[in-house]
Amino acid sequence: MTGTVYKSTGSWYTVKADSGEFIECRIKGKFRIKGIKSTNPIAVGDIVDYELDKTSDLVTGTIVKIHDRKNYIVRKSVNLSHQMHIIASNIDQVFLLITINNPPTTTSFIDRFLVTAEAYGIETVLVFNKIDTFDDAMLDEQLYLQHIYQTIGYKCMRISSTQNKGVEELKQMMTQKVSMFSGHSGVGKSTLVNAIEPSLNLKTKHISEQSKQGQHTTTFAEMFDMSFDAKIIDTPGIKGFGIVDMEKEEVSGYFPEFFQLQDQCKFNNCLHKDEPHCAVKNALENDEIAWSRYRSYLQILEGDEEHYRTDIYNDDRIASDENRNKS
């Protein structure tokens, strides 16, 4: 029998059968997918074959096969640096929720997420959430970031879950698609899902006023069926987003504004660092590329890990201010 994985707790997997019934399943032995070193062999969104366990009083199953994935999105495993964690698979689009100061979302986090999504061929929409809480300075920062990413070609949305602003537009974009929601803890993923589908009534928590960091309300990734012919994958909050399995020479290809210029560089293998006659660096000096994006690129190139720290966010604001002053 075949079904779709709707929830993964690490040991049990909730599989929705073609009949619509939900079956709790385990895996048979160890799954090894060629070319993927992951801490979780099965992810939410996977299409699997399973067999019913007839020896148990409860109706359970055993997963015996994973079908080929259309795509998947990964991050570096928190505890095992050389392995990846598959967040979800078979996704049509990702909505990356961004908040300015409640909690702060760093540009380095945004860029690392976008690079990974580009590498795995997944469309990403940037959702600036909690716009009802903005003061003038926060609004200025949000509009500046929106300008950066819209100029590159990313679709951006402004949302207030509590005031229902932008929610209907979001629902229209989700119709007939599998959408993943991601972002830091506390950016309002569960609150937004509740605004989209109130009957789900997902648990939410308040932001810590002292740390300005969110508290985990979603422990495991889980898929939900919406009443308007759509599916949502709600994911746990992510603090850092480590890049995995990416050669230095290919990183710039996942920055769309770099990719458009790289054939104008003098050297075909230009890393856009110290090489002469580099079109990317020329564009940077002419304020045609955001300094925050270039800084993210160098961090990825040099293998620096993105950490969820206030000083990094302040650096991002400083870089943004420098860019404004130059323009």
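Asp 46 is buried in this predicted model, at 0% relative accessibility. Its salt-bridge partner is Arg 69, with the closest N and O atoms 2.7 Å apart. The two come from distant parts of the chain, 23 residues apart. Asp 46 sits in the loop between strand E3 (22–27) and strand E4 (47–53). Arg 69 sits in the loop between strand E5 (60–66) and strand E6 (72–76). Is Arg 69 buried or exposed? Arg 69 also counts as buried, because its relative accessibility is 17% and the cut-off for buried is under 20%. Arg 69 has a further contact to inspect: it lies over the face of Tyr 72, at 5.7 Å from the ring centre.

How many salt bridges are there? The count comes to ten. One of them joins Lys 7 to Glu 222, with 4.0 Å between the closest N and O atoms. This pair also links distant parts of the chain. Lys 7 belongs to strand E1 (residues 2–8), Glu 222 to strand E12 (residues 222–225), and 215 residues separate them. Lys 7 is partly exposed, with a relative accessible area of 27%. Glu 222 is partly exposed too, at 24%.

Helix H3 (residues 167–174) holds a salt bridge within one element. Glu 168 and Lys 171 meet there through their side chains, at 3.8 Å from N to O. They are three residues apart in H3, so about one helical turn separates them. Glu 168 is partly exposed, with a relative accessible area of 45%. Elsewhere, salt bridges that share partners join Lys 16, Asp 225 and Lys 231 into one network. Lys 171 also lies over a ring: the face of Phe 228, at 5.0 Å from the ring centre.

Now turn to the nonpolar interior. In soluble globular proteins, nonpolar side chains tend to be buried together. The largest nonpolar core here has 35 residues. Which of them touch the most other members? They are Ile 73, Leu 126, Tyr 149 and Met 180. Several elements each supply at least two residues of this core, including strand E7 (84–89), strand E8 (93–98), helix H1 (107–119) and strand E9 (123–128). Helix H2 (136–152) and strand E11 (178–182) do so as well. H2 gives the largest share, six residues.

Leu 126 is a good place to look. Neighbours within four places in sequence aside, Leu 126 is in contact with Leu 96, Ile 98, Ile 110, Leu 114, Tyr 149, Lys 155, Cys 156 and Met 157. Apart from the largest core lies another, of 21 residues. Its members include Val 125, Val 127, Met 173 and Leu 192.

Aromatic rings come last. The count comes to eight aromatic pairs. Phe 255 and Tyr 297 form an edge-to-face pair, 5.6 Å centre to centre, with 85 degrees between the planes. Phe 255 lies in the loop between helix H5 (248–251) and helix H6 (256–259), and Tyr 297 lies in helix H8 (residues 291–301), so the pair ties together parts that are 42 residues apart in sequence. Both residues, Phe 255 and Tyr 297, are buried.

Phe 258 and Tyr 294 form a tilted pair, 6.4 Å centre to centre, with 50 degrees between the planes. This pair links helix H6, which holds Phe 258, with helix H8, which holds Tyr 294, across 36 residues. Phe 258 and Tyr 294 are both buried. Together, Phe 255, Phe 258, Tyr 294 and Tyr 297 form one aromatic cluster.

Technical notes
Residues numbered from 1 in each chain as written. Predicted model: local features only at pLDDT ≥ 70, side-chain atom pairs only at ≥ 80, totals over all residues. Heavy atoms only, no water. Core = buried A, V, L, I, M, F, W, Y, C linked by side-chain atoms within 4.5 Å. Buried < 20%, exposed > 50% of the residue type's maximum accessible area, 1.4 Å probe, protein only. Helix = DSSP H or I, 4+ residues; strand = E, 2+ residues; numbered from the N terminus. Contact = heavy atoms within 4.5 Å. Phe/Tyr/Trp six-rings, centres within 6.5 Å; stacked < 30°, edge-to-face > 60°. Lys NZ or Arg CZ within 6 Å of the ring centre and 35° of its normal.
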